[in-house]
Amino acid sequence: MLLKNTWNEFIKILSKPRSYLGIGALTLLIGIIIFAMKADGKSIISFVTASFEQTLTFNGHILNGYLIAFIILQMLIVHVPLLVALVTGDLIAGEAAMGTIRMLATKPISRTNIVLSKFIAGAAYTLFIIIWMGFLALFVSTTLFGTGDVIVLNSDGLVILPEADVLWRFGAGFCVAFLSLLTVSSLSICLSAFAENSIGPIVATMSVIILFTIIGSLDVTVFDTIKPYLFTTHMVSWRSLFEDPVPWSTIRQSVIILVAHNVVLVAIAIIRFNKKDITS
Amino acid sequence: MTTEPIIRVEHLAKRFGTFEAVKDVSFTVNRGDVFGFLGPNGAGKSTTIRCLLSLIRPDAGKVELFGKSYANERSAILSNIGSIIEKPDFYRYLSAERNLEIFARISGANVGKKDIAEMLDFVGLGDRGKHKVKGFSHGMKQRLGIAQTLLHQPELIILDEPTTGLDPQGIVEIRNLILRLRTEQNKTVVLSSHQLSEIELIANRMVIINKGKTIVEGAVQDLLDANDLQVRIETDDASAAKSVILAAHPTTDVTQLNARELEFPVHKDQVHLINQLLVNAGIPIHAIEPKRKLEDYFMNIISSEHVA
């Protein structure tokens, strides 16, 4: 029954116009970034590298597809959660608003399976968003700009990653980014189980992300103890894969915390939905 | 008709915060019944029906369907029930056919495309299967709701206000559909409705609840003595007719509705005698019709409850 209802959820997601809204917006944003890089990328790169040019000389194809893919991932990972929440926040609350939750809950499928099937379908949608983002960022960028070494600016300074050492980092980076977005998906599904319309969970999800991001960026001692446990702290941990050497223990910790968030959020959604009196 | 109980509700209670929606509701529905579930607004009908379908968890009391309880046999119970609660809601962005496919897939039965097409034909939507539900009228959605209800061939059908918002033609269509379910498919139907005349026409048993409590339960014929009628007479001179009736039957409670209409209670065997009496007195009779009795019965029960 879980698989059957998961299939139903796929059909529903694929039939909703809002699902394509997110994909369309993502395509447009990436298109704009690529266009901007094509039009004025060299001056943007020169501006960044200018401060190092007294001590370093940059040779070769710096403005390449890999660098642009890195920039795209860095710019959009903050905005894509909204596109994910737009769909996943609607999965339970949208049915409550539409009234179909009554029909669904009077079928011989357990409420736990209803939530799990929505989580799986939401995860599949999130995965598709990440794959689409990866395709546009990597395939289109490398087709238009070619490949080359990647120069990454981080807190320790410049890291130059050889061309042959980049693709696996993107692969792993997209996996960690997927886990981050999956946490957003789980959060919005969880909030969706408490709501009767989809606007609430979508706005609440974004509010939580903004709030946690602000707490994470404030240099206040009282927040230092909770910062490592906020999922937003770990949403940018994919960047660690572009350091040399890669801080695997930090990434492992981020993955554990993000997985734990997913488990707890889905468990809360299941408990809440099982206890919920459906009065809508 | 068999008296095998298919639903047994005992001392059901449900509270939402400080509001007691259902205080003490008990009734039994037997296999093959068309069971009327009546009560004024706020009586607790919808809450009770939602408890029957496991949408709401009761605080106290017992709900048993097919001799099973939701605590450990939820799937087995729900796979044998088809229901419409208040109004059938569908995925507006999907076609009628696709909506039925979605619900059929999780109904626990093996329902194919052919069954869906046949069911759409059965409810008169055979040519609208590919159309998106967002373009459907309320009546079409109700019929699609009935199709969804019957698709997996359940034994028990629960319809909460199935005629709400329908035009007179739609009401007749749904009534005929329910009668066909009983006669052609031998389904057990629980029907909650504000349309008392509908219940009177199609239900064989009923329960009336008020303020969250069961007031009366039984066979419709037993509760509404079929021989004691309330009739309305239309004539040219209602005052003269009233005088003639009272002269012959002084204790009759005759109400003159207007210059041409009278209403009074009378035993079924006496109707032709009253007619003869008036005709012999030279008073032409244009119409004699029995009033629907459930309405009066219901109003009496509810108003006596209010007094109590």
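Biologist: Hello! Where should we look in chain B, and how do helix H9 (residues 238-248) and helix H10 (residues 271-280) cross?

Modeller: Happy to start there. In this predicted model, the axes of H9 and H10 of chain B come within 10 Å and cross at roughly 120°.

Biologist: Why is H9(B) called oblique to H10(B)?

Modeller: Set the angle of roughly 120° against the ranges: 65 to 115 degrees counts as roughly perpendicular and over 145 as roughly antiparallel. The value falls in neither range, so H9(B) is oblique to H10(B). The crossing of this pair is right-handed.

Biologist: Which residues make H9(B) and H10(B) meet?

Modeller: From H9(B) come Ala241(B), Val244(B), Ile245(B) and Ala248(B), and they meet Ile274(B), Leu277(B) and Leu278(B) of H10(B). By class, the residues of this contact are seven nonpolar, no polar and no charged.

Biologist: Now chain A, please. Why is H3(A) described as roughly antiparallel to H7(A)?

Modeller: Helix H3 (residues 65-76) and helix H7 (residues 111-145) of chain A pack at about 150°, and their axes are 8 Å apart. Angles over 145 degrees count as roughly antiparallel, so H3(A) earns that description relative to H7(A).

Biologist: What makes the contact between H3(A) and H7(A)?

Modeller: On the H3(A) side you will find Gly65(A), Tyr66(A), Ile68(A), Ala69(A), Ile72(A), Leu73(A) and Leu76(A). H7(A) answers with Met133(A), Ala137(A), Leu138(A), Ser141(A), Thr142(A), Leu144(A) and Phe145(A). The tally for this contact is eleven nonpolar, three polar and no charged. Gly65(A) belongs to this contact, and Gly counts as polar. The crossing of H3(A) and H7(A) is right-handed.

Biologist: How do you know that the length of H7(A) agrees with its number of residues?

Modeller: At 1.5 Å a residue, its 35 residues should span 51 Å, and the end C-alpha atoms lie 50 Å apart, so the two agree. The expected span takes 1.5 Å times one less than the number of residues.

Biologist: What follows H7(A), and what is its phi?

Modeller: Gly146(A) comes after H7(A), with a positive phi near 75°.

Biologist: Finally, how many residues are in contact between chain A and chain B?

Modeller: There are 22 residues of chain A in contact with 22 residues of chain B. Helix H1 (2-15) and helix H6 (100-105) of chain A each supply at least two residues of the side that touches chain B. H1(A) gives the most to that side, with seven residues.

Biologist: What classes of residue does that side of chain A have?

Modeller: The side of chain A that touches chain B has nine nonpolar, seven polar and six charged residues.

Technical notes:
Residues are numbered from 1 along each chain as its sequence is written. Chains are lettered from A and ligands numbered from 1 in the order in which they are written. This is a predicted model: local features need pLDDT of at least 70, side-chain atom pairs count only at pLDDT 80 or more; totals for chains, interfaces and linings use all residues. Axes are lines fitted to C-alpha atoms, for helices over the stretch in contact, and angles run from 0 to 180 degrees between N-to-C directions. Helices (H or I, at least four residues) and strands (E, at least two) are DSSP runs, numbered from the N terminus. Angles under 35 degrees count as roughly parallel, over 145 as roughly antiparallel, 65 to 115 as roughly perpendicular and the rest as oblique. A crossing is left-handed if the near helix is turned anticlockwise from the far one by less than a right angle, and right-handed if clockwise. Two residues are in contact if their C-beta atoms, placed from the backbone, lie within 7 Å.
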